[in-house]
Each structure stands twice: as C-alpha cells, then as structure tokens.
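Here is a short tour of a protein model, written for someone who likes to know which side chains meet and where. Keep the structure open as you read.

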Amino acid sequence: MKILVLGAGRMGHGAVYEMAHNSPEVSLVTVADADAAKAEAVAETVGSKKVSAVKLDVSDREKTRELMRGHDATISCVNYWFNPELSEIAIETETNFCDLGGNNSVVDRQLALDERARAAGINIIPDCGLAPGMVSVLAMHGANRFDETRGIHIRVGGLPQDPKPPLDYQLVFSVEGLINEYIEKARVIRDGRITEIESMTELETLSFEGFPALEAFQTSGGTSTLPDTFLGRVENLDYKTIRYAGHCEKFKTMIDLGLCSSEEIVVDSVKVKPRKVFGELLQKHLPADEPDYVLVRLEFEGRKNGELKRLRYDIVDKFDETTGLSAMMRTTAFPASIIAQMMARGETAMRGATPQEKAIDAERFIAELDRRNIKIKIIEET
C-alpha cells in the first residue's frame, strides 16, 4: 500500500518512521511539506528506500489533489484548520483520510461529509492521535467488557523526564494546540447529559509508580466524539490532562491575565495579539525534544454479570533511545499510522466519515499497538 503523510514536523516524522520500519505491507511513504528541506530531512533521517519527500503547500488544492490521488490513504499531520478541505479532497480522489485533529468544530465539519465519503467508498476518520485518538478506541474496548458501563474517566499527559521550572513542561506539539486545550471548554457527560466545563478546573491528584506528585485537570478536545457516542450509555465520562504538580495554577494565572487572548491591544502604538506574543515566548523559553514520558490512564466502572466492577488501563511510554522517537511521537503518530493502514486494507467496520471508536476494531488496534511495544497494563477490581 502507498501512504501519504502531510506535514514533516514531529508527528509526521513519527508516522513516516513507523511505516518505513514497522509496516512491511507499506511499499511507499510520501512525506510532503511546504518546506521541502523539512520533508527531505525526515526522509533522510528515517533512512528507508520506501520514503519519498515532496514539497507541497496543502493550501494549494490542485497540487494536493494530484499528490493524494496516487495513494491508498493520507495522514494529515498539519494544523487542524486544514483538515475539512483535505477531507473534501480525499473524497474527490477516493483516498482514505485520517488526521491528528484536536478541534471539535473542525471534526463536526468533517463528520458532516459522511454521506459523500460513503458514496466515494472511503473512510474519513478525524482525531487519530493520542488524545483525542488512541484513548477513544481504548474507551470503547474497556466499555465493551461490561454489561452496563456507568463511568469512563480518561487521564493523559506528556511529561518531560527532566522537568524544568517555571512550568515543568516541554513542548511536544504545536503551541496553538496547547493553548486551545487550555482555554476552550471541555465536553463531558455528567449525570447522563452532555455538558461543557471550563478548562483548567476540577484539579485532582493522581499517582503513577515511580513518578513524583502529579495532577490532572479539565482540558478541551480530549473527549472528541466520545460524549456523542456514549450518550445514553454511561452516566459520566470525562477527560483530564496530566501534569507535574503545580503546573495548572501557574498556567491558569497567565490565562487569567489575558495572555491567551486573541483580541488585539495597542502597545506603543503597535497592535498586537497577546496570544501570538505568548505563543512566541513559550516556544522561546520552554524546552522541546528532550526525553519524555507519556502517561495514560482510563478508569471504568459498571456491572458485569450483575456485579459492580472497576477496570483500569495504564500506559507508561518513554522516549526510545534506539530510534530517537519521543514517547509523544510514538503514542500519537503510531496510532494514526495503524488506522491509515487499517483503512487502506478495508479493515474498518464501515465506510464514510465516522468516529474511530465506531469504525475501528479495538482488539485488532490494541494488538497492533502491542506489536509496536506500546503496552497496556489492565487491572481489574471487583
């Protein structure tokens, strides 16, 4: 099969590496980026004859259409606002399409293409990274182990192995995506109803063996389509981001001061957007690409054979010294690669524009994660 990867950033690099080295059925991986040097650098670093680098600005619809047409599936690792138009091009070229997503309104626009995608005989599956992404399939997998599921609680975080002040955090994906997570409202199911909750609230503590004190708090985007999928099936469903203790209070202070606002202000007769300035400062002062961890926890409660039961899924992934891939690259790009290949092989439960938790066989997906050494520890409690 032939797979196209749009975007040669961290996650594009991870997806290309995965298919070049772990996926023998993939015969060609094309990595495309508006910066030809970045695409070529990924191809050279990955070091496989399967990989071809191309210069492409995805806002050029005609050139994107030409390139997409020659592939069985496309993975979008570019900014989320390109994904609705890229989904339309996928329909026009009859190419399966998935992306790393992260924005609820964009996903809604993509899912509205369901009828057209089915008519084209393809899949469009948004939000296929880590969270939103992999955790959606795991949520369905866990829920299916109960006769009646009452609650699903998802906790995910990317953490530096060597945390540095002031935020004990490093950039592992775009600043725009990080700020969106922290300022937009979180969609959850609470007492059987879908509701929205302010991000950076409902702070809780949690622990993973071998880690210092951790905290988790509400953030946007992580539940993706899960509230709609599980409405009427669970009483409570939520998602929180994991950070080292103290991070939430520090970052929320900056939000409260208006540093994440997109409204222009005038400083020395110059119009500036605080969010843009703040984003630049984060990129300048926060570390990036240092060894990291990804922590994932899903907790379920419900009934099985009439008995109350609890179930927990834990993942602790870490920077891979052998490949040079970060834990965030592995747990974000690898799931997208798995789904792209499942679409290309026709292994989805349905065609059309659909949430992954409905279209992807969870058992097969978890087996593919395991084959790539992303291990899930499952703990059952009565």
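At what angle do α8 and helix α10 pack, and how far apart are their axes?

## Two helices that cross

The model you are looking at is predicted. In it, α8 and helix α10 (residues 247-256) pack at an angle of about 90°, and their axes are 11 Å apart. The two helices are therefore roughly perpendicular to each other, since angles of 65 to 115 degrees count as such. If you would like to find the contact on screen, look for Leu178, Tyr182 and Ile183 on the α8 side. From α10, the residues that make the contact are His247, Phe251 and Ile255.

## A glutamine in a loop

Just before α8 in the chain there is a loop to visit. Gln170 sits in the loop between β7 (148-160) and α8 (175-183). Is Gln170 buried or exposed? Its relative accessibility is 2%, and because buried means under 20%, Gln170 counts as buried.

The side chain of Gln170 reaches the backbone oxygen of Glu290, at 2.8 Å. Glu290 is also among the residues in contact with Gln170 once its neighbours within four places in sequence are left aside. The others in that set are Pro160, Pro287, Ala288, Asp289, Pro291 and Asp292.

## The parallel sheet

Next comes an open sheet of seven strands with parallel pairing. Its strand order is β3-β2-β1-β4-β5-β6-β17. The edges are formed by β3 (51-55) and β17 (352-353), each of which pairs on one side only.

Helix α2 (residues 36-46) packs on this sheet, where it touches β2 (28-33) and β3. The direction of α2 makes about 175° with that of β3. Elsewhere in the sheet, β4 (residues 73-76) and β5 (residues 96-99) pair in the parallel sense over four bridges. To locate this pairing, start from Ile75, whose bridge partner in β5 is Cys98.

## Salt bridges

How many salt bridges does the structure hold? There are 32, and a few of them are worth a visit. One joins the side chains of Arg65 and Glu92, at 2.9 Å from N to O. This pair links distant parts of the chain: Arg65 belongs to helix α3 (residues 61-69) and Glu92 to helix α4 (residues 83-93), 27 residues apart. The two partners can be described by their accessibility: Arg65 is buried, with a relative accessible area of 15%, whereas Glu92 counts as partly exposed at 34%.

A second salt bridge brings together the side chains of Arg330 and Asp317, at 2.8 Å from N to O. Arg330 lies in helix α12 (residues 327-344) and Asp317 in strand β16 (residues 307-318), so this bridge ties together parts that are 13 residues apart in sequence. Arg330 is buried, with a relative accessible area of 6%, and Asp317 counts as buried at 5% relative accessibility.

## One more pair and a network

The side chains of Arg372 and Glu368 also meet in a salt bridge, at 2.6 Å from N to O. Arg372 is buried, as is Glu368. Finally, salt bridges that share partners join Arg61, Glu62, Arg65, Glu85, Glu88 and Glu92 into one network. You have already met Arg65 and Glu92, whose side chains form a salt bridge with each other.

Conventions:
Residues numbered from 1 in each chain as written. Predicted model: local features only at pLDDT ≥ 70, side-chain atom pairs only at ≥ 80, totals over all residues. Heavy atoms only, no water. Salt bridge = Lys/Arg side-chain N within 4 Å of Asp/Glu carboxyl O. Buried < 20%, exposed > 50% of the residue type's maximum accessible area, 1.4 Å probe, protein only. Polar contact = N/O pair within 3.5 Å; in protein donor to acceptor, adjacent residues only side chain to side chain. Contact = heavy atoms within 4.5 Å. Pairing = 2+ DSSP bridges. Axes fitted to C-alpha atoms, helices over the stretch in contact; angles between N-to-C directions. Parallel < 35°, antiparallel > 145°, perpendicular 65-115°, else oblique.
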